[in-house]
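User: Hey, got a minute to walk me through this model? I'd like the overall picture and then a few odd spots.
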Amino acid sequence: MTRGGYQKIATDENTKKYGLMSLLLFQWMDAIFKTGSRGTVEESDFPPLSRENSTDTYTKRLQTQWEKEKEKSKGNGKRPKLWKSVIAMISLKEALIMVPTRALYGLWRLFKPFLLGYLLSSLMEPDPHKNLLSYSCVITMGLGAFIGTISDRHFTYSCDVLGIGVSSALKGLIYQKCYTTPPHSSSFRLALLFVKPGRLLAKGHFPELEEKGIFDSALDPLGMKPFRERESNARSVSKKEDNPEMKNRVMPALPQNKEIQMPDEDRMVGGVTFKLYWDYFRSRLSCISIIGLILLCFITQVVIVSPDFWLSSLTMKSQENQKDKANLIIFGFLVLGSFIFAAARAFCFLQASVRCSKRLHDKMAVAILEAPVFFFDSNPVGRVLNRFSKDTGCMDEVLPKAFLFAIQLVLAMLASILVLTVTNPWLLLVAVPMAIAVVYISRYQDVHTQSYIMVLACERWLSLRMCSLNSILTCAVALEAIFVSQNAAMAGIGLVYVLESMELMDYTVRKAAEVENFMTSVERGMTYTKLDHEPGYKVHELLPEHWPFKGDITFQDLSMTYYPGGPQVLRKLNLHIKGGTNVGVTGRTGAGKSSLVAALLRMPDAHGATMIDGIPIKDINLQVARRCISVLGQCPVLFSGSLRENLDLIEQFQDVELWRT
């Protein structure tokens, strides 16, 4: 059994049991990351959940402690406390993991300033490289950073796993309470009402309704009724075929019509490309605006770093010069400039993001309005609403803030590396290989996961390796400062930045992956902006003035299907309707009465010719043609607003004309 209750993925290549170092470094996750690097990770690729971390085990532990708490409360006459049961369910093993790891991390945070202070004071000595305590301090800082990183990651991972277990146990306890309550109990009864527009179908409890077959007769969520009828028809046909009198009779072949296929929801595989980011900003901003926004971000980061360099330069001056008011005023202006530039960067970026989101929403709305009817027949309404609700909400509210935060973190990490190389150019020999390693490791962050526990394990695997690399960089910065007898002020600013970057490195990669995840909403929105349009929107031929003149309607060889491969609802129809006459069309359901109106509105485009006053409507702009046709449907709909707004949405007519109508 491995760390966190997950078993090793069963493969022929590597079935060994992990040792202590493998558990400390989360190496039990390596097989999953290797699988993810070769392709998309499926559910079957993940290791199973151990028995000790299952919901059933946590629920039994909480149930046992809860029963003890109830027995104890009966003796003292007090109400049982659920929080006491939750605390009591924490095992000794979990406590032995969380308490020491947190203590080790606290000790590292406590001694880190002292080690840094001693190292800087040793650099101020005339001959610091001969001081053996300086090398001991460097080694202690590196080991302390590594041990503190391991302790913090294991503590947070254990707390997260325990939190998930407690949450599952509480839900399991409630479920058991509801499940064990008898149906006739008055304390818990759930009544169900089955209604359809205008009448009540049934009323009762779930077992009663299930026994009556209400669910089978009332619910048809997947549209399986036609298939059931078709199956019953097929059975009746097979019975007829078994009849000797029917065997010699020739049965006419039924037309094989293609059914409407529901396409799968857009699901992109792989990482988000740079082109998506570019298209996102180009949807509203010009190239010059994008370049200006990028320059503003870099300039702002330079201004933010400038006060630290100014303080570092002041430490090399005498105390009298340090107290000079001019130096303090310069420092104050640098801090004020940092605040102003940071606020300007945030305002400009958020404003640009909101404008891009608004532009994408407008493009999606136009594309939906111009989409053919087949799009709405083959796509669920919920999927379309999801684009304009969840995805649009993500683009409006979540993505801009997360994107800005990720940019700030990335620029802060980049500034840390540049500060180190400026203070000591020799550090490029260490910084460049480590940057390559960081990019290589960060590729594994965006891997599909089976459960939230696996997500947590992925994050700890990543952060542990990131901070381990940063520990090596900390040692390199301190050793280079001693070897080259670096100025204490420059060494101090370099060490401060590298220690700060240790806390930000793994978080930066996680936030960048989070932004990439949010960009999938943009990707889905971009897909809807490229929907096929109904034919006729790009026709710009001018019409005669006051068209239509009489309202004569002519159908010539009109045939129409609602979707490719579907049945013909109209077939070779030839009809002439004189303008100004009243015509009634009768027929059974499905005979094609409504299809005549659909063909006139080009919903969808029909084969053959449809002419109004001798002009084919296919030669007319679709919006212009539909504006001249009025349809009163069977189900009237009123928009919110006044009656006048419903009669004249675009305010084209005067009140007198509306009253006359």
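Here is the chat that followed.

User: What should I know before I start?
Analyst: This is a predicted model, where local features need pLDDT of at least 70, side-chain atom pairs count only at pLDDT 80 or more, and totals for chains, interfaces and linings use all residues. Residues are numbered from 1 along each chain as its sequence is written, and side-chain values use heavy atoms, with hydrogens and water left out.

User: OK, how many helices and strands does the chain have?
Analyst: There are 23 helices and six strands. Those are DSSP runs numbered from the N terminus, with helices (H or I) of at least four residues and strands (E) of at least two.

User: And how much of the chain is buried?
Analyst: Of its 661 residues, 38% are buried. Buried means under 20% relative accessible area, exposed over 50%, and partly exposed in between, with a 1.4 Å probe and protein chains only.

User: Where does helix H16 bend?
Analyst: H16 bends by about 45° at valine 398, and proline 400 follows within four residues. The bend is the angle between axes fitted to the seven residues ending there and the seven starting there. H16 covers residues 381-423.

User: Which helix gives the most to the largest nonpolar core?
Analyst: The largest core has 35 residues, and Tyr280, Leu399 and Phe403 are among those with the most contacts inside it. H16 gives the most, with 10 residues. A nonpolar core is a set of buried Ala, Val, Leu, Ile, Met, Phe, Trp, Tyr and Cys residues joined through side-chain atoms within 4.5 Å.

User: What does tyrosine 280 touch?
Analyst: Its contacts include Met395, Leu399, Met519 and Val522, leaving aside residues up to four places away in sequence. Contact means heavy atoms within 4.5 Å.

User: Switching topic: what does the side chain of threonine 554 pair with?
Analyst: Threonine 554, in strand S3, has a side-chain polar contact of 2.9 Å with histidine 576. A polar contact is a pair of N or O atoms within 3.5 Å; within protein, one must be able to donate a hydrogen and the other to accept it, and residues adjacent in sequence count only if both atoms are side-chain atoms. Threonine 554 is buried, at 18% relative accessible area.

User: What's odd in the loop between H20 and S5?
Analyst: Proline 604 is in that loop, and the peptide bond from methionine 603 to proline 604 is cis, with omega near 5°. Arginine 602, also placed there, has a positive phi of about 60°. Most residues other than glycine have a negative phi, and most peptide bonds are trans.

User: Is arginine 602 buried or exposed?
Analyst: Buried, with a relative accessible area of 6%.

Notes: Expected span 1.5 Å × (residues − 1).
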